[in-house]
Amino acid sequence: MGTFHDDMGELHGITVVVSQHDGCTWIGRCHSEDDVEVILHDADQHDPAASDENAEQWLQRARRFGHWPRVSTIRIPRPQVSGLVRLAEISAG
């Protein structure tokens, strides 16, 4: 029998995509999200200024092969978040 985290929210433990107003995108396992911040574990970031592929290409590759967890934990301030969805909700290209 596993540990239950009813108080953590419905996205706890789910791989999610967080879009930011600055154009950066994160993929990670959601720990929690509220009005203050989104906390991700085992995360990776797509920065359009530092990548040869666009965010859509990056997300499609992550859907097919998984993402590389380069950041153990990231706390993203909620005012910077423009979108939050489950990775599974991103349509396959």
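This passage looks at the salt bridges in a predicted model.

The count comes to seven salt bridges. One of them joins the side chains of Glu37 and Arg75, with an N to O distance of 2.9 Å. This pair reaches across the chain: Glu37 sits in strand 3 (residues 37-46) and Arg75 in strand 4 (residues 71-77), 38 residues apart. The two partners differ in their surroundings. Glu37 has a relative accessible area of 17%, so it falls under the 20% cut-off and counts as buried. Arg75, at 52% relative accessibility, is exposed, as the cut-off for that label is over 50%.

Strand 3 also supplies Asp44, whose partner Arg70 lies in the loop between helix 1 (55-65) and strand 4. Here the side chains of Asp44 and Arg70 meet at 3.1 Å, N to O. The residues are 26 apart in sequence, so this salt bridge, too, ties together separate parts of the chain. Asp44 is buried, with just 6% relative accessible area, whereas Arg70 is exposed at 58%.

Then there is the salt bridge between the side chains of Glu53 and Arg61, at 2.3 Å from N to O. Neither label from the earlier pairs fits here: Glu53 is partly exposed at 22% relative accessibility, and Arg61 is partly exposed at 39%.

Finally, some salt bridges come as a network, which links Glu10, Arg86 and Glu89.

Key. Residues numbered from 1 in each chain as written. Predicted model: local features only at pLDDT ≥ 70, side-chain atom pairs only at ≥ 80, totals over all residues. Heavy atoms only, no water. Salt bridge = Lys/Arg side-chain N within 4 Å of Asp/Glu carboxyl O. Helix = DSSP H or I, 4+ residues; strand = E, 2+ residues; numbered from the N terminus. Buried < 20%, exposed > 50% of the residue type's maximum accessible area, 1.4 Å probe, protein only.
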